[in-house]
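Thanks for making the time this morning. I would like to take you through one model, going from its salt bridges to its pockets and its cores, so please have a look at it first.

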Amino acid sequence: MNSVIHVSNVSKSFSKHDVLQDISLSVAKNEIYGLLGPSGAGKTTLIKMIAGIETPTSGKITVLDTTMPSLQIMKRIGFMAQSDALYSELSGRENLEFFASIYGLKGAKQRERIEQTAALVNLTDFLKKPVNQYSGGMKRRLSLAAALLHEPEILILDEPTVGIDPVLRQSVWNELYKLSENGTTILVTTHVMDEAEKCGQLGMIRDGRLIASGSPQQLKESTSSETIEDAFLYYGGVRHEN
């Protein structure tokens, strides 16, 4: 398997509290890999380490054959955090211009990418509005546009569709499929079971441990489950075989 993300025996502790314990997983090129688990399971900490924002207490993470954290590799990653890192007093367009300049996009290329990403998340008509007038869902969409501006090889999304209406959520997923088909590797966290079904591969995380991994179909079949939720409960030790 051509892995572009490789996590080997990674643990993370904050002042004696173990947040993640002995996590190992691989993400193949072009794959949409989902990390499924409840709030507080450690998903955000794990993707921050993969993105190079946090460092593991033990173990090793490589992205594109380079040990993280690495500034050079971070430039090739698009990261969308759970809390929107936006400037509320600036307009949507000014926010995108700011992030585009950080990624080194200038002139016509910058304008082109802003138009493309804004259209993608259905915000073209709202770019002149200050972000403090945006709804929560609009802010999520703007954050996604910002993460996509520099056409990253790897896209890391932390709960990207929280607060987004179902119709737009489907269009965001359609776009993720397109990006994946065009060569982007996508790592996404979610606690929504129907979103987990949309991923090519899934890692189930509970209490800081990876309790299962595989395709949604494999995880359901191996536990004789009708749904991903049932499979998750089975692997978490909540549901036992009859």
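R76, with a relative accessibility of 35%, counts as partly exposed, where partly exposed is the range between buried, under 20% relative accessible area, and exposed, over 50%, computed with a 1.4 Å probe on protein chains only. Its partner in a salt bridge is E153, and the closest N and O atoms of the two are 2.6 Å apart; by salt bridge I mean a side-chain nitrogen of Lys or Arg within 4 Å of a carboxyl oxygen of Asp or Glu. The pair links distant parts of the chain, since R76 sits in the loop between α2 (71-74) and β6 (77-80) while E153 sits in the loop between α5 and β7 (154-158), 77 residues apart. E153 is likewise partly exposed, at 34% relative accessible area.

Before I go on, a word on the source: this is a predicted model, in which local features need pLDDT of at least 70 and side-chain atom pairs count only at pLDDT 80 or more, whereas totals for chains, interfaces and linings use all residues. Residues are numbered from 1 along each chain as its sequence is written, and side-chain values use heavy atoms, with hydrogens and water left out. The helices (H or I, at least four residues) and strands (E, at least two) are DSSP runs, numbered from the N terminus.

How many salt bridges does the structure hold? There are 11, and besides the pair I opened with I would pick out two. One joins K12 to E54, with 3.9 Å between the closest N and O atoms. Because K12 lies in strand β1 (residues 3-14) and E54 in the loop between α1 (43-51) and β4 (58-63), this pair ties together parts that are 42 residues apart in sequence. K12 counts as buried at 8% relative accessibility, whereas E54 is partly exposed at 23%.

The other joins the side chains of R113 and E151, at 3.8 Å from N to O. Here too distant parts of the chain are linked, R113 being in helix α4 (residues 107-120) and E151 in the loop between α5 and β7, 38 residues apart. R113, at 10% relative accessibility, counts as buried, and E151, at 47%, as partly exposed. Salt bridges that share partners join K109, R113 and E151 into one network.

R113 and E151 also take us to the pockets, as both are among the residues that line the second largest pocket, along with Q116, T117 and L120, to name some of the others. A pocket here is worked out on a 1 Å grid over the protein atoms alone, as an open set of points where a 1.4 Å probe fits, with protein on both sides within 12 Å along at least five of seven lines, and lining residues have an atom within 4 Å of a point. This second largest pocket holds about 190 Å³ of space, and α4 gives the most to its lining, with four residues.

Which residues lie closest to the centre of the largest pocket? Of the 19 that line it, they are F79, M80, A85, F99 and Y103. About 400 Å³ of space lies in this pocket, and the largest share of its lining, four residues, comes from β6.

F79 brings in K48, which lies in helix α1 and is partly exposed at 28% relative accessibility. The two are 31 residues apart in sequence and 8.8 Å apart in space, C-alpha to C-alpha. Leaving out residues up to four places away in sequence, K48 touches I53, E54 and F79, where contact means heavy atoms within 4.5 Å.

Lastly, the interior. The largest nonpolar core (a set of buried Ala, Val, Leu, Ile, Met, Phe, Trp, Tyr and Cys residues joined through side-chain atoms within 4.5 Å) has 40 residues, and those with the most contacts inside it are L96, L155, L157, L176 and M204. Helix α5 (residues 136-148) gives the most to this core, with seven residues. A second, separate core has 27 residues, including V4, L20, V63 and I205. As for M204, its contacts beyond its neighbours within four places in sequence include L36, R209, L219, F232 and Y235.

Methods:
Points joined across faces, edges and corners; volume = space filled by probe spheres on them.
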